[in-house]
Amino acid sequence: MSTIHVVCPHCHKVNRIPVKEHYTKANCGYCKGSLLDTHPVELTPETFAIHIQKSDIPVVVDFWAPWCGPCRMMAPAYEEAAAQFPLKAQFAKVNTEQYQQLAAPFGIRGIPTIIVFKNGQEMERVSGALPAQQIAQLVARHLG
């Protein structure tokens, strides 16, 4: 049976799980939290690299800031899109106000900026607020 590596959104440990078309239950082998949790993960300097480099599924990162109106407006759409991809893609957020050192290497000049990473590599980026449907289309291009 084929397996994939998925980083737990709760404890940030790498889990190896069987590849399935649909999952009804998948829990972390370390903290027992649900790997099906689609709420975007807040990444920090301590957790960013493990999620980007160790996950076999696409990691979709929203670079945002609390003072940014378009970022706050897009947040519900981002969560709505995330709910469509349990264990198909992992959605995450980086607060560029708090963690400028995470945004700088990617040349983030405007926010919100969404970057899709796969196997540790940047695959695509889009700047500006997007509706849920466009976020989902962006992610769907990088599945499989």
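This is a short walk through the structure, one selection at a time. Keep in mind that you are looking at a predicted model.

**Stop 1: the sheet**

Start by colouring strands 3, 5, 4, 6 and 7. These 5 strands form an open sheet, and that is also their order across it, 3-5-4-6-7. The pairing in this sheet is mixed. Which strands sit at the edges? Select 41-42 for strand 3 and 121-127 for strand 7: each of them pairs on one side only.

Stay at the strand 3 edge for a moment. Strand 3 runs parallel to strand 5, residues 90-95, and 2 bridges join the two. To see one of the partners, pick V41 and then A92, its bridge partner in strand 5.

**Stop 2: strand 6 and its neighbours**

Now select 113-118, which is strand 6. Is strand 6 mostly covered or mostly open? It is mostly covered, with 6 of its 6 residues buried. Show the side chains and you'll see two sets: T113, I115 and F117 point one way, while I114, V116 and K118 point the other way.

On one side, add strand 4, residues 59-64. Strands 4 and 6 pair in the antiparallel sense over 5 bridges. Click V61 and you'll find I115 of strand 6 opposite.

Next, bring in strand 7. Strand 6 and strand 7 run antiparallel and are joined by 6 bridges. One pair to pick out is K118 with Q121, its bridge partner in strand 7. These two strands make a hairpin with 2 residues between them. Check N119 in the turn: its phi is positive, about 55 degrees.

**Stop 3: the nonpolar cores**

Go back to I114 and show everything around it. Setting aside neighbours within four places in sequence, I114 is in contact with a long list of residues, including V60, M74, Y78, V126, L130, I135 and L138. Charged-looking names turn up too: D62, E124 and R125 are also in contact with I114.

I114 belongs to the largest nonpolar core, which has 17 residues. The members that touch the most others are V60, F91, I114 and I135. Where do the pieces come from? Helix 2 (69-82), strand 6 and helix 4 (132-140) each supply at least two residues of this core. Apart from it lies another core of 15 residues, and you can find it by selecting I52, V61, A92 and F117, which are among its members. As a general point, nonpolar side chains in soluble globular proteins tend to be buried together.

**Stop 4: strands 1 and 2**

Move to 3-7, which is strand 1, and 14-18, which is strand 2. The two pair in the antiparallel sense over 5 bridges. V6 stands opposite N15 of strand 2. The hairpin they form has 6 residues between the strands, and H12 takes a positive phi near 65 degrees.

Now pick V7, in strand 1. Its relative accessible area is 0%, so V7 counts as buried. Beyond its close sequence neighbours, V7 touches H12, K13, V14, I50, H51, K54, S55 and Q90. Draw a line from V7 to I50: they are 43 residues apart along the chain, yet their C-alpha atoms are separated by 7.5 Å.

Follow the chain on to G33, in the loop between strand 2 and strand 3. G33 has a relative accessible area of 16%; the cut-off for buried is under 20%, so G33 is buried. Leaving out residues up to four places away in sequence, G33 touches H10, A26, N27 and C28. Its C-alpha lies 7.7 Å from that of C8, which is 25 residues away in sequence.

**Stop 5: the empty spaces**

How many cavities of 30 Å³ or more does the whole structure hold? The search finds 1. The largest cavity has a volume of about 120 Å³. Select L35, D37, T38, A89 and Q90, which lie nearest its centre among the 16 lining residues. Strand 1 and strand 5 each give two or more residues to this lining. By class, the lining divides into 12 nonpolar, 3 polar and 1 charged.

Finish at the largest pocket, with about 220 Å³ of space. It is lined by 13 residues, and I4, D56, I57, K88 and G144 are the closest to its centre. The lining of this pocket has 7 nonpolar, 2 polar and 4 charged residues.

Technical notes
Residues numbered from 1 in each chain as written. Predicted model: local features only at pLDDT ≥ 70, side-chain atom pairs only at ≥ 80, totals over all residues. Heavy atoms only, no water. 1 Å grid on protein atoms, 1.4 Å probe; cavity = no way out; pocket = protein on both sides within 12 Å on 5 of 7 lines; lining within 4 Å. Points joined across faces, edges and corners; volume = space filled by probe spheres on them. Nonpolar A, V, L, I, M, F, W, Y, C, P; charged D, E, K, R; others polar. Core = buried A, V, L, I, M, F, W, Y, C linked by side-chain atoms within 4.5 Å. Buried < 20%, exposed > 50% of the residue type's maximum accessible area, 1.4 Å probe, protein only. Helix = DSSP H or I, 4+ residues; strand = E, 2+ residues; numbered from the N terminus. Contact = heavy atoms within 4.5 Å. Pairing = 2+ DSSP bridges.
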